[in-house]
Structure formats: structure tokens, C-alpha cells
Amino acid sequence: MGNDDDVLVIGGGVIGLATALALVEAGRGVRVLESRTIGSGSSHGNCGTLTPSHAAPLAAPGMVAKALRWMLTPDAPFYVAPRIDPALWQWLLRFSSRCNGRDWRSAMQARAALLLASRALFPDWVARHRLDCDFTESGMDYLFRTPAALEHFRHELPLLAELGIASESIDGDDYVRREPALKPGLAGVVRFPGDARLRPDRYVAALAQALRAAGGTIEEQRDVIALDPDGTGATVHTAQGRWRAREVVIATGAWSPALAKAAGLRALPVQPGKGYSITYDPPPLVPSRPVVLPERSVCVTSWDGGFRLGSTMEFSGYDTRLNRRRLDAIERGAAEYLVHPVGPAKREEWYGWRPLACDDLPIIGRVPGRDHLWLATGHGMLGVSMSTGTAELLADMICARTPRIDMAPFSPARFA
């Protein structure tokens, strides 16, 4: 099989599909190559929240000491499985070098700019592309049971406000009186009214439907085994044949380092951060909006007909096992806050690998020295939240338009 295309997007997750849709809308011819089926990776089981409130990066002051302590606790929210893995330890060294106040603030500013740009685009995208995905401008509540944890979190709020991310504080007892799904004993709540939610599986399916309707092509079960960039484009090889394109976008999430290596590029400092979720039939009472339980690193979301708990960042390579200890920790964490922490029937236990760059910033833009090769990866836990912004910004760059925000913090050149 041989095909010549304008743009090839490798990866059929939320970032790849959104980018493909933005490019088609810009008048480009686009084909998506997906190694399995659309949305089968980390786009499937996440909590479906759109969270400018998550602008603060994981690489924060004090995180190194905390992570070292957590290495002895296999159900800790940030867990590094002890093993011999040179790539992981190199990544951890680079990550630890960013755990200081200056880099933390700089990364927060860049993440906030992309999160806010993406969040502002969502209503228009949903309406224009007719995305049936249960998008709701719900806001999100962060619940705290101890005054110390609440006060520590409040230290971030002035900086978030400076960046355009509004919040409001709510007394814990007042909140519980209005939220019968919550147990008493909350020290306080921080609400982020600009956050939103959607149903992630429907969002991915809707993006695929809109892309096909706009003239894009999606090829599933196309596992890319080699990529040969040159001066006029790139050739992509799969077990089913080859494709030739003028521009190629690598949007394969946690698998991007392997594909970059196959293209002869320098290794990307991206690690697979394994996350878990559990989906149930809805319990009798659910919170009226998505909630985060920061002291237990658990997110709780619900929609018509479904209820989901999600959590954790586990560095265990591409381990394919469901860790029962970590799933149980998610349920225990929810049980401290919710009257009904689980639903009457469990539908799915899930894990997925989030692509986490060593500075916790996405990698978006042209590959240095490769005029026709582009990257869109490294979004960590924020792929859904950053999807529309990433798509529009990458389309701007590929189509030689001026991006709406500063793209320098996300450039692949920072690792050259």
C-alpha cells in the first residue's frame, strides 16, 4: 500500500484527533493513523474534567523529598516503583532540578496560558463541531478535611488569580448542608467556577465523527514501526504498508519517545505516568459537580448513567497489571468524604499511561532540524483539558499563522 498525504497525524487519542480536526478546518488534508482503536489509550478512562485549576505543575518545591518517602508506600498517590531503569532515573534527575520556586512559577504560567486558551475554545468547538459529549460548565470543588491542608492549598490561590484563574472559598459545614452526598467534617472547600467537565469517551468519539464529516480520514490498527523524515516530508511505515506525507505529527502520548527514537531523534524526556480509574453505576447520591480530594489525590465525577473515581501517578514503566492495592486506595480515599463512595455495580477498572515530560509542560511544535516533523505530547494528566488549545496552536504553526499564546515554553527545542 502506498499513499501520499498532506498531513499524517500518528495517534488517535484526544490530542491527535483534536489536532487533525483543527488542521482539516484550516483546509489541510489529514489522515490519522492509530495503532489500535480510536480513544483506546489514556483518553478513555480519565475523569473528563477541564481544569485550569490544575495549572500548578507536579514539579513543585518539596516534591523530591515527598516522592522519596512515598517510594516505601506502594499505594501513595505519587509512586516510583524501585527498579533499574536508566531512562527513568535520568528523567527523575531532570524532574528534581525543576522542583524549585522559580521553575514552578514559570511552568504554572505557561500551563495556565494553555489551559485557559483551551477552556475558552471548548464551548465554540462543542457547538461548531456538534460534539455530543455531555460538556457542562460545572465548575469544580476541592474538598479539605484538615485546616492545615486547606491553608497550604490557599497559598496557590493568589498566583492562580494573577494568571486569570478565579476561585472562591466556602465554609465546610455550609457546603455539607447543601451537598447531601458529602459526609460532615470538612474544614473547607475551594471552588473553581471556570472548570468544566465532559464525558471523555463520548468526546473522543465525537471528535472522530466530526473529523470524518469534515473530510479527514482515520486508519485504525495501523501500528507505526518506522518513520523516515527528509527534506520534503516524511515516510511512515506500518505493517500494512507505507504512507508519505508533507507534514507528520507525532501525537502518541506516552508512546511518543519510542516513535521519536524510531525516527532517529534524540530521546524525549517523557515517562509513562500510570493512572487508574474505577467506573460504576451511579450511587443514590452523587456530588452536584466534580470534586477533587487533594489529601487523597482522588477525583470524583459523575454523569447521566455513570460515576467515576480516578487517581494516582505511578512510575512503573509500561506495566500492564491492574494494581489492586492502588484501586483499593482510591475507594478508601473516596469513602472518607462521600456518603456513597462507590456505585451499586462496578463497570470497569482501568489504567492508562499519561505522558509526563520532565518539566511537566507539554511538548508542542516543530522538531529541531526536521522541518516537516511535529510533536504534540507530554500533556500528563491534562490531555483533555489542553486538547482544543493544543490543536489550534499546532494548526497555527503548521499553517504558518501566528499562535495566540507564546509557544516558546512548549517547544521541543528546549530539550535539544
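## Exercises on salt bridges, cores and a cavity

Asp6 is partly exposed, with a relative accessible area of 21%. This value, like every other below, is computed from a predicted model.

**Exercise 1.** Which residue forms a salt bridge with Asp6, and how far apart are the closest N and O atoms? Is that partner buried or exposed?

*Solution.*
- Step 1. The partner of Asp6 is Arg28, and their closest N and O atoms are 2.8 Å apart.
- Step 2. Place both residues in the chain: Asp6 belongs to strand β1 (residues 2-10), and Arg28 to the loop between α1 (14-25) and β2 (30-33). With their positions 22 residues apart, the pair links distant parts of the chain.
- Step 3. The cut-off for buried is under 20% relative accessible area. Arg28 has 14% and is therefore buried.

**Exercise 2.** Arg128 forms a salt bridge with Asp124. How are these two residues placed in helix α4 (residues 101-128)?

*Solution.*
- Step 1. The closest N and O atoms of Arg128 and Asp124 lie 2.0 Å apart.
- Step 2. The two residues are four places apart in helix α4, so about one helical turn separates them.
- Step 3. Accessibility puts Arg128 at 34%, partly exposed. Asp124, at 42%, is likewise partly exposed.

**Exercise 3.** Asp319 and Lys274 form a salt bridge. Which parts of the chain does the pair link, and are the two residues buried or exposed?

*Solution.*
- Step 1. The closest N and O atoms of Asp319 and Lys274 are 3.0 Å apart.
- Step 2. Asp319 is in the loop between β16 (306-315) and α10 (324-335), while Lys274 is in strand β13 (residues 270-280). They are 45 residues apart, and the pair links distant parts of the chain.
- Step 3. Both Asp319 and Lys274 are buried.
- Step 4. Now turn to bridges that share partners: these join Glu25, Asp124, Arg128, Glu392 and Arg404 into one network.
- Step 5. The count for the structure comes to 32 salt bridges.

**Exercise 4.** Which residues touch the most other members of the largest nonpolar core, and what does Val9 contact?

*Solution.*
- Step 1. The core has 75 residues, and those touching the most other members are Val9, Trp125, Leu131, Tyr203, Leu207 and Val249.
- Step 2. Helix α4 supplies the largest share of this core, 12 residues.
- Step 3. Leave aside neighbours within four places in sequence; Val9 is then in contact with Gly16, Ala20, Leu23, Val30, Arg31, Val32, Leu33, Val249 and Ala251.
- Step 4. Another core, of 39 residues, lies apart from the largest nonpolar core and includes Leu33, Ala59, Val224 and Met313.
- Step 5. For background, nonpolar side chains in soluble globular proteins tend to be buried together.

**Exercise 5.** Where does Leu186 lie, and which residues does it touch?

*Solution.*
- Step 1. Leu186 is in the loop between α7 (172-178) and β7 (188-192).
- Step 2. Its relative accessible area is 6%, so Leu186 is buried.
- Step 3. Not counting residues up to four places away in sequence, Leu186 touches Leu143, Phe144, Arg145, Gly172, Asp173, Tyr175, Val176 and Tyr337.
- Step 4. Asp173 is 13 residues from Leu186 along the chain, and their C-alpha atoms are separated by 6.5 Å.

**Exercise 6.** How many cavities of 30 Å³ or more does a search of the whole structure find, and what lines the largest cavity?

*Solution.*
- Step 1. The search finds one. The largest cavity has a volume of about 40 Å³.
- Step 2. Its lining consists of Leu58, Arg111, Leu356, Asp360, His379, Gly380, Met381 and Leu382.
- Step 3. Sorted by type, the lining has four nonpolar, two polar and two charged residues.

Note on methods. Residues numbered from 1 in each chain as written. Predicted model: local features only at pLDDT ≥ 70, side-chain atom pairs only at ≥ 80, totals over all residues. Heavy atoms only, no water. 1 Å grid on protein atoms, 1.4 Å probe; cavity = no way out; pocket = protein on both sides within 12 Å on 5 of 7 lines; lining within 4 Å. Points joined across faces, edges and corners; volume = space filled by probe spheres on them. Nonpolar A, V, L, I, M, F, W, Y, C, P; charged D, E, K, R; others polar. Salt bridge = Lys/Arg side-chain N within 4 Å of Asp/Glu carboxyl O. Buried < 20%, exposed > 50% of the residue type's maximum accessible area, 1.4 Å probe, protein only. Core = buried A, V, L, I, M, F, W, Y, C linked by side-chain atoms within 4.5 Å. Contact = heavy atoms within 4.5 Å.
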